Each structure stands twice: as structure tokens, then as C-alpha cells.
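Reader: I would like a close look at a single part of this model, namely the surroundings of the bound small molecule. Please take me through them step by step, with the distances where you have them.

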Amino acid sequence: MPDTADSDAFIAGLPKAELHLHIEGSLEPEQMFAFARRNRIQIPFASVEQLRAAYSFTQLQDFLDIYYQGADVLRTEEDFHDLALAYFTRAHADGVVHAEIFFDPQTHTDRGLPFGVAADGLLAGMKTAEERFGITSKLILCFLRHLDEAAAFATLQAAEPWLDRIAAVGLDSSEVGHPPEKFARVFAAAGAAGLKRVAHAGEEGPPAYVLEALDLLHIDRLDHGNRALESPELVTRLARSGIALTVCPLSNLKLCVVGDVAQHPIPAMLKHGLRATINSDDPAYFGGYVADNYRAVAPYLDRRDLVTLARNSFLGSFLPDDAVTRHLAAVDAFAA
Ligand code: ADE
Ligand code: ZN
């Protein structure tokens, strides 16, 4: 890459979509304290610094424990609106023009909030962001895989009145021990209801989970997928299918999915012809929004690769073809 300042500006200016962002994972410590104050809730940390110091993880579950605890400060539609708007404000500064964001309704309904508090608040925040920044967005409902199939079905049923405003279902939370197969029937029901399907697979789980996500969940997009690289047959299949992978470099580092950024699989994924994209996952917990994730891997890529990653973000999105074509032209114009 050319010098860092030049590369930083190129990355921030590159029009891009973000396809793997848990909105609850964009809850910054300062905002957590502000929501706690506004909702008169005690949180078990004395300061923002003490909270940030707790963000030290050796595996996915360490993070999930603190992430679900943090979400407890979200109580009202206004909280969800403000959370979403804060994310879109940062994403806009990073050159994001379209985002497809996850939410975990069970994290909220299981503590007594009606489904609509999160859904309506987020949808209102998405609307404000489009009016203010011109960013378009879609909402993805994730099932928590550590809970059972019946709970996922109950969530899909609770979502019924909102399904015209939800683009897809996803699958997240503790991967190992909770294979995609457990959710085959609820994903079939979601597909029959006209929703797209995505799933986290191959983050900590084995390549077999990626295969199950493809063959049993019929996913339209693969979230993470790092461990697919352990299977040459799977790599060939993913490359041939053109399915997008939503990869999250800083998350992978923070959760010890990779030991060192120099070992991050993004360059190998591009070399194998996989439709890899760069995303931030849970930026408030992992130390950076989407442009920081591009910057983390940029030393191992050339400028053409960065353009490919941005193009892939639109090709892997659930936008209609005419919008994809328009965004690709904007990427090419910027790169030229
Ligand atoms: N929920 C939020 N972030 C996640 C991740 N990286 N993997 C699984 N579940 C998650
Ligand atoms: Zn994720």
C-alpha cells in the first residue's frame, strides 16, 4: 500500500456496505452509562474506563457474557432509535452508504420487553439515518443458537407483524455445540415467509457447520466462515457459488479466532476467489468500526483488493440489482 495517510483517506472515502453488524454490539461504554442514567438502572462498573478494561476476551463466550449484560440498559424505543442513529453516524463517517444490521430480539423479549420496542426503535433509527445521511439499511432478525428451536419459532411468530420490514433471519451467539442443524425447520419457515437467510458459521465452529448452514439452512450469505478455509472442497464450493462471506478482522483478533493480524485469512480468501467482505461485528467491544477493519488488513493487500472488498459488499448485499449496479459504479468512479 502507499503511505498510511493516503491509504486511510482512500479507505474512508471508498463507498461501502456493511453486512455484519450487531446493533447491540455498537453500544459504546459512554452510551451504556447514559442509557443506565436515563433509565435509572445500576450497572456493575464504576466508570467508562473500568468497563472498557473488562473488554478482554480469550474466546467468543467471554465476550457474549458481557455483551448480553450490557444490552440490559436498552429499555425503550428511544434507546434503540438512539443506538441505531449513533451507529449510522459513525458508519457514515467511514464511507458506509448501505448497512444490513442484526438485532437479537430474544435478548430483549427474555427480559420482558415487547418485540416491538426493539424492532420499532431500530426501524425509526434507520429512517432517521436515511433522512439525515442518505444511508439505506435493512434489518436482520437473529435467533440465539444457545436457546432452543421452540424459542426461535416463538420469536418468528412474535415478529409476524414486522416481517414486511425485516429482510432476513440470522443465527448468532455461542457456536460450538449449537450446530446449524438445530434450526433447519425454523429457517425453512422463515424462507417460506419470504425472508433471506444468513448464519454465523465457521467462526469457532468446524467446517462441518458451514456445510450444514449451506445444505440445511439454505443460507444466502455466510457470516464469518473463517474455518471454511480448512476444507479445500468447501473453498471450491464457496468460490463457485459466489456466496458472500461477511468477515470481521478486529473481532477475529479480539476473540482469538486468529492469533495475529498477519495471519488473518482475508488475503487467502481473495486469492481463492471467495466473495469476502469486511465488517465490524461488534465495534464498541472490538475496537473499531468498519474503516478500522479495512485498515487492519490493508497492509497485507493492494489497492485493487480494497476495491474488490468494497465491490463485494454490494454484490453480497440484499439490495435490488439496479441499486447494486449504481453502487458498483460509484466504487469504480471513486477508485478511478
Ligand atoms: N453475537 C454478537 N457478536 C457475535 C459473534 N461474533 N459471534 C456470534 N454471536 C455474536
Ligand atoms: Zn457476528
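**The shell around ligand 1**

Author: In this model, which is predicted, a polar side-chain atom of Glu 203 comes to 2.8 Å from a nitrogen atom of ligand 1. Asp 282 also places a polar side-chain atom by a nitrogen atom of the ligand, at 2.6 Å, and for His 22 the corresponding distance is 3.3 Å. The ligand would expose 260 Å² if it were taken alone, and the protein buries 100% of that area. The space that ligand 1 takes up is, moreover, the largest cavity.

The residues around the ligand include these three, together with Leu 60, Phe 63, Leu 64, Tyr 67, Asp 172, Ser 173, His 200, His 224 and Asp 281. Sorted by class, this shell holds four nonpolar, four polar and four charged residues. The element that gives the most to the shell is helix H4, spanning residues 60-70, with four residues.

Two members of the shell, Phe 63 and Tyr 67, deserve a further word as a pair of rings. A pair of aromatic rings is described by how far apart the centres are and by the angle of the planes. There are 14 aromatic pairs by the rule used here. In the pair formed by Phe 63 and Tyr 67, the ring centres are 4.9 Å apart and the planes stand at 35 degrees, so this pair counts as tilted. Because Phe 63 and Tyr 67 are four residues apart in helix H4, about one helical turn separates them.

Terms used: Residues are numbered from 1 along each chain as its sequence is written. Chains are lettered from A and ligands numbered from 1 in the order in which they are written. This is a predicted model: local features need pLDDT of at least 70, side-chain atom pairs count only at pLDDT 80 or more; totals for chains, interfaces and linings use all residues. Side-chain values use heavy atoms; hydrogens and water are left out. A residue is near a molecule or strand if one of its heavy atoms lies within 4 Å of it. A polar contact is a pair of N or O atoms within 3.5 Å; within protein, one must be able to donate a hydrogen and the other to accept it, and residues adjacent in sequence count only if both atoms are side-chain atoms. Accessible areas come from the Shrake-Rupley method with a 1.4 Å probe; for residues, only the protein chains shown count as cover. On a 1 Å grid over the protein atoms alone, a cavity is a set of points where a 1.4 Å probe fits but cannot get out, and a pocket is an open set with protein on both sides within 12 Å along at least five of seven lines; lining residues have an atom within 4 Å of a point. A molecule sits in a cavity or pocket if more than half of its atoms lie within 2 Å of its grid points. Helices (H or I, at least four residues) and strands (E, at least two) are DSSP runs, numbered from the N terminus. Ala, Val, Leu, Ile, Met, Phe, Trp, Tyr, Cys and Pro count as nonpolar, Asp, Glu, Lys and Arg as charged, and the others, Gly among them, as polar. Rings of Phe, Tyr and Trp (its six-membered ring) pair if their centres lie within 6.5 Å; planes under 30 degrees apart count as stacked, over 60 as edge-to-face and the rest as tilted.
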